[in-house]
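Here's a walk through one model, written for someone who likes to check distances and angles on screen. Open the structure and follow along.

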Amino acid sequence: MTFDVAMYATIAERLRWDDLELGRFRTDRLSDGALRCLRYMSDVETHTVCYLRDLLVTPSHTDPEVTTFLTLWNYEEYWHGEVLDQVLEVHDVPTGPEHTRALRKRLGWQDRVSPIVQSVLANLLGPDFIATHMAWGAINEWCTHAGYSRFIAVEQNPLLTEILRRIAKQETRHIAFYNSQARHRLELSPRAQRITRLALQHRWGIVGSTVMPDDDVRHLLTYLFGGSHGLAAARTLDAKIDTLPGQAGLHLVERELQRYGVV
Ligand SMILES: [Fe+2]
Ligand SMILES: [Fe+2]
């Protein structure tokens with residue numbers, strides 16, 4: 001089934017939470033482990049515009065359907081960061097522009113040269129790079145959706161559940177776009193399949209791992225994917241990745257759990 005980008009453009013929207021009483025968290029506080037996860041997820045959602053910077057310098061910018069999607073995707077992801085920040089604020093965890101500015105500064109010179117490196121490599125690969133971008137996006141959105149689902153199951157806080165449920169609903173639309181694009185483009189090009197497989201094998205890490213400190217990545221993976229239910233969720237993700245043309249048997253998510261010592 002193809003994804004109707006024009007239709008998506010008319011229904012993409014900022015997340016609403018004005019009907020929810022976030023002050024309830026003052027008496028029904030989230031655990032410290034959950035707050036650390038929330039900090040991570042908020043930072044990564046807010047970082048979407050920086051990921052977008054690195055993608056617009058690649059052949060992906062030549063496809064109007066892709067750029068229309070990315071425009072709205074970036075907007076929706078921004079509001080995911082905002083609502084998570086508001087939950088953190090109720091718990092007296094510092095948020096806002098100063099926090100985000102410090103995070104971006106911390107990334108250093110690699111972050112400043114990354115659009116140049118990405119642009120050179122991606123443009124050398126040509127249009128097949130778009131398939132890699134779409135597959136990467138599908139995998140990251142699958143992981144994000146699964147992460148929110150696991151968060152709901154682990155923390156069992158009704159108000160948090162409602163917020164994350166609303167975010168996850170929008171993530172399913174992101175999944176639908178990337179997944180349909182990736183499948184279509186990979187099916188058309190064995191070369192794109194090979195490039196994507198190599199890129200995933202050698203460069204892919206769990207969402208946010210290029211931005212967040214290793215200790216935070218380890219905490220997130222342990223909190224969300226530790227234990228037998230977590231491992232089962234990771235394997236379900238890997239089985240989904242297996243269904244992308246030419247990408248079977250990579251075991252990317254379980255490999256990350258091993259790399260960070262979770263399993
Ligand atoms: Fe998001
Ligand atoms: Fe998303």
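Contact here means heavy atoms within 4.5 Å. With that cut-off, R185, L186, E187 and L188 in α8 meet P190, A192, Q193 and T196 in α9. One thing to keep in mind throughout: this is a predicted model.

## Helix pairs

Two packed helices are described by the angle between their axes and the distance between the axes. For α8 and helix α9 (residues 190-203), the angle is about 120° and the axes are 5 Å apart. Angles of 65 to 115 degrees count as roughly perpendicular, and α8 and α9 are therefore oblique to each other.

The other pair to look at is α2 with helix α5 (residues 97-106), whose axes come within 11 Å and cross at roughly 75°. That makes α2 and α5 roughly perpendicular to each other. On the α2 side the contact is made by R39, D43 and T46, and on the α5 side by H99, T100, L103 and R104.

## The two iron ions

Now for the metals. Which residues coordinate the iron ion (ligand 1)? The donors are E45, giving two OE atoms, E77 and E171 through OE, and H80 through ND1, at 1.9 to 2.3 Å. Along the sequence, those donor residues are spaced E-x31-E-x2-H-x90-E. E45 sits in helix α2 (residues 32-46) and E171 in helix α8 (residues 158-188), so this pair ties together parts that are 126 residues apart in sequence. Both E45 and E171 are buried.

The iron ion (ligand 2) takes its donors from E77 (OE), E141 (OE, twice), E171 (OE) and H174 (ND1), at 1.9 to 2.5 Å. The spacing for this site reads E-x63-E-x29-E-x2-H along the chain. Here too distant parts of the chain are linked: E141 is in helix α7 (residues 128-155) and H174 in helix α8, 33 residues apart. E141 is buried at a relative accessible area of 5%, and H174 is buried at 0%.

How far apart are the iron ion (ligand 1) and the iron ion (ligand 2)? They are 3.8 Å apart, and E77 coordinates both. E171 also turns up in the donor list of the iron ion (ligand 1) and in that of the iron ion (ligand 2).

## Salt bridges

The count of salt bridges comes to 16. Among them are these:

| Acidic residue | Basic residue | Closest N to O distance |
|---|---|---|
| D54 | R53 | 2.8 Å |
| D215 | R218 | 3.0 Å |
| E256 | R259 | 2.9 Å |

Take the D54 and R53 bridge. D54 counts as buried at 14% relative accessibility, whereas R53 counts as partly exposed at 32%.

D215 and R218 are three residues apart in helix α10 (residues 214-225), so about one helical turn separates them. R218 is partly exposed, with a relative accessible area of 33%.

The E256 and R259 bridge is set up in a similar way: the two are three residues apart in helix α12 (residues 252-259), which puts about one helical turn between them. Is E256 buried or exposed? E256 counts as buried at 1% relative accessibility, while R259 is exposed at 53%.

Beyond these pairs, D19, E162, R165 and R166 are linked in a network of salt bridges.

## The nonpolar core and a histidine

The largest nonpolar core has 78 residues, and L22, F25, I139, F151, I163 and F225 touch the most other members. Which residues does I163 contact, leaving aside its neighbours within four places in sequence? They are L20, L22, F25, V83 and V87. L22 and F25 are therefore worth displaying together with I163, as they appear both among the best-connected core members and in the contact list of I163.

Finally, have a look at H219, which is placed in helix α10. H219 counts as buried at 18% relative accessibility, the cut-off for buried being under 20%. Leaving aside neighbours within four places in sequence, H219 is in contact with G33, R36 and C37.

Definitions and conventions
Residues are numbered from 1 along each chain as its sequence is written. Chains are lettered from A and ligands numbered from 1 in the order in which they are written. This is a predicted model: local features need pLDDT of at least 70, side-chain atom pairs count only at pLDDT 80 or more; totals for chains, interfaces and linings use all residues. Side-chain values use heavy atoms; hydrogens and water are left out. Donors are N, O and S atoms within 2.8 Å of the metal (3.2 Å for Na, K and Ca); water is not among the atoms, so sites may look incomplete. Helices (H or I, at least four residues) and strands (E, at least two) are DSSP runs, numbered from the N terminus. Buried means under 20% relative accessible area, exposed over 50%, partly exposed in between (1.4 Å probe, protein chains only). A salt bridge is a side-chain nitrogen of Lys or Arg within 4 Å of a carboxyl oxygen of Asp or Glu. A nonpolar core is a set of buried Ala, Val, Leu, Ile, Met, Phe, Trp, Tyr and Cys residues joined through side-chain atoms within 4.5 Å. Axes are lines fitted to C-alpha atoms, for helices over the stretch in contact, and angles run from 0 to 180 degrees between N-to-C directions. Angles under 35 degrees count as roughly parallel, over 145 as roughly antiparallel, 65 to 115 as roughly perpendicular and the rest as oblique.
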